[in-house]
Amino acid sequence: MPTGSAFFLAITFLMSLAALWVFIYALMKGQFLVSQKQAKVIFDPGELGQVEDPAHSRQKPETNPFEKSSVELDDYAKERRELDLSGRRSVLIFFSSSIFWLVLASVFGLLVSLKFHWPEFLSDNQYLTFGRLRPLHLTMVTYGWMSMAGMGACLWLIPRLTRKALVGEKYCFIGSIIWNVGVLLGSICLFFGISEGVEWLEYPWYVDLIIATAGGLAAIPAIKTVIARTESHIYVSLWYILGGFLWFPMLFVVANIPGVHFGVEHAIANWWFAHNVLGLWLTPLGLAIAYYLIPKVIGRPIFSYQLSLVGFWGLAFFYAQVGMHHLIGGPIPTWLANLSIVMSVGMVVPVVAVAINHHVTMVGHFKKLIYSPTLRFVVFGAMMYTLSSLQGCLHALRTFNTVSHFTHWTVSHAHLGAYGFTTMVLFAAIYFILPRVLEKEWPFPEMISLHFWGAFVGIIIYVISTGVGGWLQGLELTDPSSTFQNSVLVTIPYLVARSLGGTLMVGAHIIFLVHVVCMFLGSRKSGDGPAFLNRPDLKERAADHV
Amino acid sequence: MYSVRLLYIGALITFGVAFVALIVIPFMQLRPIPPESNLKPYTEQELRGRAEYISQGCVYCHTQQVRDPSIGADAAWGWGRPSVPGDYAYDYPHLLGTMRTGPDLSTIGVRQPNEQWHLLHLYNPRSVVSWSIMPSYPFLFEEKKEAEPGDIVLHLPKEFAPEGNIVVAKPSALDLVAYLLSLKRNFPVDDVKQSETSMEEQP
């Protein structure tokens, strides 16, 4: 088989031709004919300008919309209630288990953080050694918290956006249980040091099979419901959801296939997977939620809906090729590193498109952040998406990468994205969705506030401390007149600060868990008033015209 | 977007382009590269040690990829020459690493060839490197009253030695050290051009 550069050039040329043909075909079929009209599909008649968080619009103010005996909903509200409840089982299992994994994973993260500047901490025990808790933390937040909370949110979003009750709900119900089995089994394996040894892919192959099966089961209702939709336009959130459910399985299978990868190529496949799991799985989950919650809560459609096409297809094209920026300067072909650097900078295009849509939409509505819990989490999360993505475009450039590579700076960036963006947006989703599937209200708005501030201050401390510490570390690592010892010692105060930030985050998560348990156990219905922050006068009102 | 089918075709194409560019083509380019002729395959013990390295998660703090002198102090600190693909021919899974909380280990078998040093360092890193933040691995060792024939005893400084007992290396510790000592990737790279394409690191 010829392997010269002419052959590879020919392959890429043919693929570009095919892509161009499909693009023109899609253009002819009117796929890109979207305008502000399509942005409004998320609103029922009369909802524009109304705030939904978590007040239920369109019911008479004096009736309690969640009490089954006295429901006086109009037809739209009745239909919406049924759609919201159609995936109830799966959403509840995914959400509640994800929160459990979040707390456990955060505790492991804190233990790991402490070990950096207190190496003797729990070091006598082989099950609690750094090298085992660290991958436990990473896999648990990825597969336990973010993936499951994300899937729960998707299974709730899809019926709302397609105006069709979840088709084949039993599949995702079974999937939600099996996914948990996979994460549990994988975590036990990692405790015992049974690991594939590859970052982000540590789970043994049999656990991978369990998770892949569960993911497939969860995807079936997602895809079937969108195909059976009664709303003809596919809202932007659904592009991301469909994309994520398509890309993640392919990434997972290719990266995990045994007996194919070798040597340095294995590292290439590793980082193709690991970076794409962020941009083609977690990012779509987060953006799908943000694209729905921001406009829906404030009652205003997305600012420039046509830009969302640029955001989505830009992500699809550029992001998939950025993975090799993890191996700049490593034993890989130069053209490969350069390709990923170029594509990383190219990401500015979709990121700015999404930023315009998320942030400009909020202009004139920032006051609502004072009293809407969902909005606080999702707007902050959306801002951190913009920030961490632009940071990524920057430190993919060789001048920056030389310093930041191999340091805590990368960890800072990872947490800015995975926590500052994805996790915060998932919190927003849970605060918005859980009342609608449990038909109860959050009992203690003060706990939501504590959760927000703990997470907010925590992540800011975390990102700044590891960012500064990492950068200083990198300056030492690239200074021939310095020593490795210096590169370690210079980070210590920042690692201590990171543990402080991490402690706040763990505390916030425990408060969150307790609040969720109280909500499950309690009986506070929305007649007691929706869980707004800081606006007791609004507790009586069904809708707001701010 | 109004068609699931077209959305999927588009998403598959963008994914496919990346798959070809980042997986297929590098696979085809790197596959023909032979192992470095100076690179010895791992012995049974070294492979056991490598498995221990994976099980203990050493890869999360240590890299095994040396950078070019133009982009780091690696060469100035004696860490070796830039790594090439042929160095990793016998490595599965790869252990290139992503963090340098600890130093790069590609040439640790050359920089520190002393088995006793490594055993002391694993038992408690601060017994040989006062400023180290590496965890201790006492569970790779056992304490005894007196040595039996064949035991490798640790000569610990007094303040790190347990009261009244001696510390003996378990087979897992010896295997791990054997693996570390096998990492001697400072040999000259084969004259043969690594691949048709220029690499990030030219040795």
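**Entry 1: B:Asp191**

I began with B:Asp191 and asked whether this residue is buried or exposed. B:Asp191 has a relative accessible area of 81%, so I noted it as exposed, the cut-off being over 50%. I should say here that I am working with a predicted model.

Next I looked up where B:Asp191 sits along its chain. I found it in the segment that follows helix H5 (171-181) of chain B. I also checked B:Asp191 against B:Thr107, 84 residues away along the chain. Their C-alpha atoms are separated by 20 Å.

**Entry 2: chain B against chain A**

I then turned to the interface. I counted 79 residues of chain B in contact with 115 residues of chain A. For the area buried between the two chains I got about 8,400 Å², and carbon and sulfur atoms give 70% of that. On the chain B side, B:Met1, B:Tyr2 and B:Tyr60 lose the most area to chain A. Together these three make up 11% of what that side buries.

**Entry 3: polar and charged pairs**

How many salt bridges does the rule find across the interface of chain B and chain A? I have one in my notes. B:Arg126 forms a salt bridge with A:Glu120, and I read 2.9 Å between the closest N and O atoms. For polar contact across this interface I listed 27 residue pairs, both residues at pLDDT 80 or more.

Two elements of chain B, helix H1 (4-30) and helix H2 (44-55), each give two or more residues to the side that touches chain A. H1(B) gives the most, with 25 residues. By class, I sorted that side of chain B into 49 nonpolar, 22 polar and eight charged residues.

Methods:
Residues are numbered from 1 along each chain as its sequence is written. Chains are lettered from A and ligands numbered from 1 in the order in which they are written. This is a predicted model: local features need pLDDT of at least 70, side-chain atom pairs count only at pLDDT 80 or more; totals for chains, interfaces and linings use all residues. Side-chain values use heavy atoms; hydrogens and water are left out. Contact means heavy atoms within 4.5 Å. Buried area is the accessible area (1.4 Å probe) that two parts lose on being put together, summed over both. A salt bridge is a side-chain nitrogen of Lys or Arg within 4 Å of a carboxyl oxygen of Asp or Glu. A polar contact is a pair of N or O atoms within 3.5 Å; within protein, one must be able to donate a hydrogen and the other to accept it, and residues adjacent in sequence count only if both atoms are side-chain atoms. Helices (H or I, at least four residues) and strands (E, at least two) are DSSP runs, numbered from the N terminus. Ala, Val, Leu, Ile, Met, Phe, Trp, Tyr, Cys and Pro count as nonpolar, Asp, Glu, Lys and Arg as charged, and the others, Gly among them, as polar. Buried means under 20% relative accessible area, exposed over 50%, partly exposed in between (1.4 Å probe, protein chains only).
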